[in-house]
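Student: I have a structure open and would like to go through the labels attached to it. Could you help me check each value against its definition?

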Amino acid sequence: LQSLLAAGTVSAMDVLDDVLARIKQANPSLNAYLDPQPDRLRQQVRETARQGPHGGRLAGIPITIKDNICVAGEETACASRILKGFRPPYDATVIERLRREGAVLIPRANMDEFAFGSSTENSAFGPTRNPRAHDMNHVPGGSSGGSAAAVAGHLALAALGSDTGGSIWQPAAFCGIVGLKPTYGRVSRYGLVAFASSLDQIGPLTKDVRDAAILLSVIAGDDPRDSTSPPVEVPDYVGQLEQRVKGLRIGIPMLPTEGLDASVRQAVNDAVKVFERHGCSAVRVELPHIDKAIATYYIIATAEASSNLARYDGVKYGFRAGN
């Protein structure tokens with residue numbers, strides 16, 4: 001699509017109109033987007049076109065934005081009525097970087113409220129459905145379920161989600177797409193509504209690995225506004241995809257058998273065999289503290305969440321009820 005847009009074979013407005021047609025048809029049942037606004041999106045494309053050719057890596061590409069990533073002037077409510085009507089006065093760093101590369105931003109992908117959940121059934125505005133399910137009665141995972149469903153249902157070409165304890169990986173798996181939680185600090189958290197600050201990361205949800213590499217190369221990098229963002233050079237993720245995997249060593253964690261479905265175990269084993277056929281070596285890795293992982297996560301996540309959400313007290317932020 002990038003090459004077609006660059007050659008003028010199709011226009012950014014053509015691409016957007018196709019996406020909007022899919023949203024109009026499918027979103028009433030999927031509920032992937034909370035408030036799609038076609039007129040504002042078309043205006044965004046027209047404003048970009050008036051700036052002339054800029055050669056951005058994402059020029060004309062519609063990107064879905066989870067409802068907890070700040071987009072200046074657009075409602076950002078974390079799928080909660082508590083923040084209804086809140087419009088940030090600034091862009092998150094990842095949004096600035098997407099704009100710089102010419103992306104068309106589609107805000108307000110549905111999510112579990114304040115990112116608390118793993119099914120996107122906990123939104124204040126209704127659940128999101130899994131577009132890959134035959135009967136539409138399966139969840140898309142969460143909390144980035146709206147972002148995953150939008151990509152899997154062809155309502156966008158790619159999306160941004162956030163991950164605290166699996167909120168990108170898990171919905172990507174449920175919806176049959178690619179999801180990546182970057183190493184902590186690789187992507188700036190500035191402008192992400194915090195859940196657990198020492199765990200949160202923004203990352204891509206895409207149709208394939210190459211798209212994930214392109215999107216990560218755009219949003220990654222040091223940000224002086226995020227003190228946990230290190231001044232480390234961003235690698236050529238796309239270029240590295242051309243390197244063969246022969247010789248790589250892959251660690252396979254020795255996980256407890258309890259609670260691990262046989263079909264999941266078989267799928268992991270099958271994936272290992274694919275890598276081995278391509279010249280990789282698989283090494284079993286012991287994780288001696290794995291039995292403490294969930295307990296540790298819930299101590300950290302809930303403690304930091306209680307601190308972060310204390311600001312929504314109806315004084316500075318959030319809903320304030322009358323007598």
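Student: What makes the contact between the side chains of aspartate 91 and arginine 99 a salt bridge?

Tutor: Happy to help, and keep in mind that this is a predicted model. The N to O separation of aspartate 91 and arginine 99 is 2.7 Å. The cut-off is within 4 Å, so the pair counts as a salt bridge.

Student: Why is aspartate 91 called buried?

Tutor: Its relative accessible area is 12%. Buried means under 20%, so aspartate 91 gets that label. Its partner arginine 99 has 37%, and because that value falls between 20% and 50%, arginine 99 is partly exposed.

Student: How many salt bridges does the structure hold?

Tutor: The count is 12. Asp67, Glu75 and Arg108 are linked in a network of them.

Student: What makes arginine 22 and aspartate 18 a salt bridge, and where do they lie?

Tutor: Their closest N and O atoms are 3.1 Å apart, and that is within 4 Å, so the definition is met. Both residues lie in helix α2, residues 12-30, and they are 4 residues apart, about one turn of the helix. An α-helix has 3.6 residues a turn, so residues three or four places apart point the same way.

Student: Why are arginine 22 and aspartate 18 called partly exposed?

Tutor: Arginine 22 has a relative accessible area of 35%, and aspartate 18 has 40%. Partly exposed runs between 20% and 50%, so both labels follow.

Student: Which parts does the salt bridge between glutamate 96 and arginine 225 tie together?

Tutor: The closest N and O atoms of glutamate 96 and arginine 225 are 2.7 Å apart. Glutamate 96 sits in helix α4 (residues 93-100), while arginine 225 is in the loop between α7 (209-219) and α8 (237-240), so the pair ties together parts that are 129 residues apart in sequence. Glutamate 96 is partly exposed at 29% relative accessibility, and arginine 225 is partly exposed at 39%.

Student: How do you know that the span of helix α9 agrees with its number of residues?

Tutor: Helix α9 has 16 residues (262-277), and at 1.5 Å a residue they should span 22 Å. The end C-alpha atoms are 23 Å apart, which agrees. After α9 comes glycine 279, with a positive phi near 95°.

Student: Why is asparagine 137 called exposed?

Tutor: Its relative accessibility is 58%, and exposed means over 50%, so the label fits. Asparagine 137 is in the loop between β2 and α5 (145-152).

Student: Which residues make the nonpolar surface patch?

Tutor: Leu255, Val283, Val285, Leu287 and Ile290 make a patch of about 330 Å². Valine 283 is in strand β7, residues 281-285. At 36% relative accessibility valine 283 is partly exposed, and because patch residues need over 30%, it passes that cut-off.

Student: How many cavities of 30 Å³ or more are there, and what lines the largest?

Tutor: There are 2 cavities of that volume or more. The largest has a volume of about 120 Å³. Its lining has 13 residues, and the closest to its centre are Asp35, Gln37, Arg40, Glu74 and Pro107. The elements giving two or more residues to this lining are α3 (38-50) and β2 (104-109), with the largest share, 4 residues, coming from β2.

Definitions and conventions. Residues numbered from 1 in each chain as written. Predicted model: local features only at pLDDT ≥ 70, side-chain atom pairs only at ≥ 80, totals over all residues. Heavy atoms only, no water. Patch = residues over 30% accessible without salt bridge, like charges linked within 9 Å, V, L, I, M, F, W, Y side chains within 5 Å. Areas by Shrake-Rupley, 256 points an atom, 1.4 Å probe, with all protein chains shown as cover. Buried < 20%, exposed > 50% of the residue type's maximum accessible area, 1.4 Å probe, protein only. Expected span 1.5 Å × (residues − 1). 1 Å grid on protein atoms, 1.4 Å probe; cavity = no way out; pocket = protein on both sides within 12 Å on 5 of 7 lines; lining within 4 Å. Points joined across faces, edges and corners; volume = space filled by probe spheres on them.
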